[in-house]
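This report goes through selected strands, helices and nonpolar cores of one chain. The sequence and the structure come first, and the description follows.

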Amino acid sequence: MNYLQLENVTKTYGDRILLDNINLSINKGDKIGLVAKNGSGKSTLLRLIAGIESPEGEKAKIILNKNINLSILEQEPVFNEGLTLIDTIFDTDDEKINAIKEYEEALIRNDNERIQSAISKIDNLKCWNIESSIKEVLYKLKIPLLDKKISELSGGHKKRLALARIMLKEPEFLILDEPTNHLDVDMIEWLEEFLLSRNLTLFMVTHDRYFLENTCNKIIELENGEIFTYPGNYESYLEKKSEKIYNDSITGEKLKKLLKNELEWLNRQPRARGTKSKARIDKFFELKEKSQTNVNNDSISIEIETQRLGSKILEIHNVSKSYEGINILKDFSYKFRKYEKIGIIGDNGVGKTTFINIINGLVKPDKGKVIIGDTVKFSIFSQHSIHLDSDKRVLDVILDIAEYIPLLNGRKLTAEQLLEKFLFTRSQQQIYVSQLSGGEKRRLQLLAVLMTNPNFLILDEPTNDLDIITLNILEEYLMGFKGNLIIITHDRYFMDKITDHIFVMDGTGEIIVFNSTFSEYRAQSKLIKKEETKSQPKTEDKNIIRNEKKKLNNEISKILREIESRESEKSDLMLFFSENAETDIKTIELKGKKLKELNDGIKKLETNWEELMEKLERLETES
């Protein structure tokens, strides 16, 4: 069944042609990943498909099957800031969903009469399975309390809320713009399983290459306003794209090398090797051998002459740090070796950013010391570390930092050349920052950090909003980087490709040093969890399971209300401390003691909540 047909669609932005008379067909069961450079029109194409924007030209047609339910996740979702989460999530005329909304509202208000009434209604409508599905989605995406206002949410929470809302609508056709942004690894892996387990048709933009690899059966590339279709997942796309480039005489040698390197790396990974037939492996290496006889072997890697690192790099001695009674680090020690490339992983809120701020001196530890070698030159990239002046030209942003970077053998890489290597053409270098797309600004921020030529580079979520080609270029740069590197990222592919080993922050203050790849760590963790689940006794009686689920849902809701109450008290205390700096010591001691009690209580309640949710998840599996 055909879901969508695009015919002769054109779209321009100023004097730029984003889509040039393209044709595209999407059928039931397609799971399509859209690949393109930042600023080339990916989000515009998604908005055209969803009917948010209109095409140009008299011949243009976008024909959507009216009998299907379509939902779109935009990159920057917009909500009514005055509404609560419960009103936003349960915004529907569906009788069953509204019964569940009544139940949740009654739990929030602790109204026993309304709770019993809602339970009876859910029983009559036989929609406890829907209630369980909603609970699973909200739990997995870590959506906060349902009576919170949208205005109180962070950007990350809003993106996850938008994802939860469209998933609960159970659309047949789902359009996703960067769905993995603001998701931690557990969420991303759960989302993969969710999308694959449903009979969904997908059209999505994502820079997460494992996500493309695991969920897509077709890759579409948007290049110079044209559409190119590649059947298969990301690996298959790389193979076919490499072949196309080999036969395309007008394509640059460096791009050939780049994609060939990417495919070689992916072929070496255990997750790739297990799924390929011998014929496909032979075909690739035949292409590789043919390419080596016809394509020059100039690497696109940048041989930068970084400042020499001495024998002492960075030493951490028995460092501890806590905030409001929550341990970030607890007696952690580590001596960094020269050229180490370390990835830091952990759930949101465990203190990853605090850890790197302790390393570079922006935050002082409560205990212990950090010793930095005399030759170390830090440079840090994070979402808020570099401010771009909108009134400056792209080239001037980089020239303000340095005119060139020294290379080996006395050569130089000028600001213009570095910008070119990261896909800013000479003409693009002359435009103003205000004219760049979000992804292009992110790329420019990254270049501003690299232009400082550090020998110890710290990258906090560097992959967000970067296209796949830019990620490949960045990876080539980092793989040849002659210095130390620390990366915080939820991008599993990027972590596997770049890091030597990982630090795992578990939220208790402990850091586990795992001397292997991220994927190997995840595989080991899942195996342990699977064995633990197997050892749990199973309940066979479905009525017992249903009653147990109801009981757990009530307990979970009570705990969430208690957490909210204590968080409110905590906010009042924090406000008191900020507004009463000269309060007497006795009052400060009493208030401080109360604050510690609240923090301890909240932490205990959160632990109980997590245990109950795990029990609920096991019951869902059993039923």
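## Strands, helices and cores

Strand β12, residues 341–345, is mostly covered, with 5 of its 5 residues buried. This is a predicted model, and the description below applies to that model. Within β12, K341, G343 and I345 point one way, while I342 and I344 point the other way. Residues on both faces of β12 are buried.

β12 has parallel pairing with strand β18, residues 484–488, through 4 bridges. In that pairing K341 of β12 stands opposite L485 of β18. β12 also pairs with strand β19, residues 501–505, in the parallel sense and again over 4 bridges. There, the bridge partner of I344 is F503 in β19.

Another set of strands forms an open sheet of 3 strands, in the order β2-β1-β4, with antiparallel pairing. Its edge strands are β2 (16–27) and β4 (61–64), each of which pairs on one side only. From one strand to the next, the twist averages 15°. Strand β1, residues 2–13, is joined to β2 by 8 bridges, and the two run antiparallel. One pair of facing residues is L4 and I26, the latter in β2.

Two helices can be checked against the span expected from their residue counts.

| Helix | Residues | Number of residues | Expected span | Distance between end C-alpha atoms |
|---|---|---|---|---|
| α5 | 128–140 | 13 residues | 18 Å | 18 Å |
| α16 | 438–450 | 13 residues | 18 Å | 19 Å |

The expected value for α5 rests on 1.5 Å a residue, and the distance between its end C-alpha atoms agrees with it. For α16 the 1.5 Å rule also gives a span that agrees with the distance found between the end C-alpha atoms.

Helix α5 is mostly covered, since 10 of its 13 residues are buried. The buried residues of α5 include W128, I134, V137, L138 and Y139. Charged side chains are listed there too: E131, K135 and K140 are buried in α5. After α5 comes K142, whose phi is positive, near 55°.

Helix α16 is mostly covered as well, with 11 of its 13 residues buried. Among them are L444, L446, L447, V449 and L450. The buried residues of α16 also include E440, R442, R443 and Q445.

Which residues touch the most other members of the largest nonpolar core? They are L141, L163 and L195, in a core of 63 residues. Helix α6, residues 155–168, supplies the largest share of this core, 7 residues. Leaving aside residues up to four places away in sequence, L163 touches L73, L141, L176, P179, L183 and L191. There is also a second, separate core of 40 residues, which includes L407, A415, F481 and I498.

How many disulfides does a search of the whole structure find? The search finds 0 disulfides. Is C127 buried or exposed? C127 has 0% relative accessibility, so this cysteine counts as buried. The relative accessibility of C216 is 8%, and because the cut-off for buried is under 20%, C216 counts as buried too.

Notes. Residues are numbered from 1 along each chain as its sequence is written. This is a predicted model: local features need pLDDT of at least 70, side-chain atom pairs count only at pLDDT 80 or more; totals for chains, interfaces and linings use all residues. Side-chain values use heavy atoms; hydrogens and water are left out. The expected span of a helix is 1.5 Å times one less than its number of residues. Buried means under 20% relative accessible area, exposed over 50%, partly exposed in between (1.4 Å probe, protein chains only). Two strands pair if DSSP finds at least two bridges between them. A disulfide is a pair of cysteine sulfur atoms within 2.5 Å. A nonpolar core is a set of buried Ala, Val, Leu, Ile, Met, Phe, Trp, Tyr and Cys residues joined through side-chain atoms within 4.5 Å. Contact means heavy atoms within 4.5 Å. Axes are lines fitted to C-alpha atoms, for helices over the stretch in contact, and angles run from 0 to 180 degrees between N-to-C directions.
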